[in-house]
Structure formats: structure tokens, C-alpha cells
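Please find below my note on the structure, set out as numbered points.

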Amino acid sequence: MAFRRANKNRPRELSSKAPVPIFREVYQEKKTHYRDPRFDDLSGSFNNEEFVENFSFLKDIKEREKKELEKELENVGDDMKRKKQILSLLQKMRNQEKNIKQLEKEKAERLKQQEEIMEAARCGKKPYIPNKTVMKRKKLVETYQTLKKSGKLEKYLERKRKKHFCKDKNRFYN
């Protein structure tokens, strides 16, 4: 036979059962590891008060942008697409402001509650620390009263009713 082997003990053909050789890079490239500062311990821990304090200048910028958008809305004319865009941006800004006010209000309530607990401890009384259910009830009563004052209670209750109805419907029929 013309086919020669390097060694007489080697087979004439390569075995199909032999594993495929792994492709290896000839040179190793140094991989760049990207770090997300939100989840990396090297960046420190998040402090909301510090964040708000450091970026307080954004409040002024947002107010300026809001005023500019309101002026643009008055001068937009017949361009409905741009009008919708401006209205959605304004609504988004208003919702953000509302959310920030709500968070500040909750923070103030927590601080007030902590102060009451500390005052009771200083006086020598046993401090009353309300649990989550009591806090939830208190918040519900507060929202009920504010909605009643503003006249939006019926609309709120109707939305809640629809929401619960859909949940029940999905639970029963699925």
C-alpha cells in the first residue's frame, strides 16, 4: 500500500470516537470587565438623602424645562403630533413631582413617628411601635379623607371595584 503511517501501531484512519480538538486562541486577549456601579461594592452603598442633596440642582433645571414646554404648548399651533408629545412630557413631569412630594411626605411621617418613639423612651414610658397593618390602615384612612375632600372618592372607588372584579374574574375562570 502507498499509504504510510508514522507508526506501525497507529490506525490507517482517524477514529470517529476521538474527541474533537478544542479551538484554542494562539494569543490571550485581555478581557475588559465592565462594572455596573449600582451593583458593585467598590462604588459604595447608595444613600438617597446624599443623592438628593448632591443633585438638588436638577430641580431648577426641571422647572425651567417645564416652563419652556408650557410656552411651547401655547405656540405649537395645529401640529397634533407635537402637541401630544408635549402633553405626555408635561404629564410625566407632573407625575414625577407628585411622586417626589409623596415620598417626602412619607419620610416626614416616619421621622415624626421616630421622634414620638424617642420622646416616649426619654420620658420613661414604654414606646408604642405600630406594626405594618396599623400603618396600612392609617394610610388608607388618610387617602380616603383626602379623596373625599377633593371630590374624587367615587372615581377612586369605581376604579378599585373594577380592579378587584377583574382579579376575581381571572381567578375564577382561569
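1. Lysine 66 belongs to helix H2, which covers residues 57-75. In this predicted model, lysine 66 has a relative accessibility of 14% and therefore counts as buried, since the cut-off for that class is under 20%. Leaving aside residues up to four places away in sequence, lysine 66 is in contact with Leu90, Met93, Arg94 and Glu97.

2. Leucine 69 should be read alongside lysine 66. With residues up to four places away in sequence again left out, leucine 69 touches Ile86, Leu89, Leu90 and Met93. Leu90 and Met93 are thus among the contacts of leucine 69 and also among those of lysine 66.

3. Which residues make up the largest nonpolar core? The set consists of Leu69, Val76, Ile86, Leu90 and Met93, 5 residues in all. Helix H3, residues 80-123, supplies the largest share of this core, with 3 residues. As general background, nonpolar side chains in soluble globular proteins tend to be buried together.

4. On overall architecture, the protein chain has 5 helices and 0 strands, and its elements follow the order α-α-α-α-α from the N terminus. The radius of gyration is 33 Å, well over the 16 Å that the globule rule gives for 174 residues, so the protein chain is more spread out than a compact globule. Taken along the principal axes, the box filled by the C-alpha atoms is roughly 105 × 65 × 50 Å.

5. Burial and contacts can be considered together for the whole chain. Of its 174 residues, 7% count as buried. Among contacts with a separation of 6 or more, 32% are between residues 24 or more positions apart.

6. The surface of the protein chain amounts to about 17,900 Å² of exposed area, of which carbon and sulfur atoms supply 55%. As to charge, the protein chain carries 49 positive and 29 negative charges, and the mean positions of the two sets lie 9 Å apart.

7. Is lysine 152 buried or exposed? Its relative accessibility is 52%, and lysine 152 therefore counts as exposed, the cut-off for that class being over 50%. Lysine 152 is located in the loop between helix H4 (132-150) and helix H5 (153-173). A distance of 25 Å separates its C-alpha atom from that of threonine 133, a residue 19 positions away along the chain.

8. The two lysines discussed above may usefully be set side by side: lysine 66, in helix H2, counts as buried, whereas lysine 152, in a loop, counts as exposed.

Notes. Residues numbered from 1 in each chain as written. Predicted model: local features only at pLDDT ≥ 70, side-chain atom pairs only at ≥ 80, totals over all residues. Heavy atoms only, no water. Helix = DSSP H or I, 4+ residues; strand = E, 2+ residues; numbered from the N terminus. Buried < 20%, exposed > 50% of the residue type's maximum accessible area, 1.4 Å probe, protein only. Core = buried A, V, L, I, M, F, W, Y, C linked by side-chain atoms within 4.5 Å. Contact = heavy atoms within 4.5 Å. Rg over C-alpha atoms; globule rule 2.2 N^0.38 Å. Areas by Shrake-Rupley, 256 points an atom, 1.4 Å probe, with all protein chains shown as cover. Lys, Arg positive; Asp, Glu negative; His and termini not counted. Charge placed at Lys NZ, Arg CZ, Asp CG, Glu CD.
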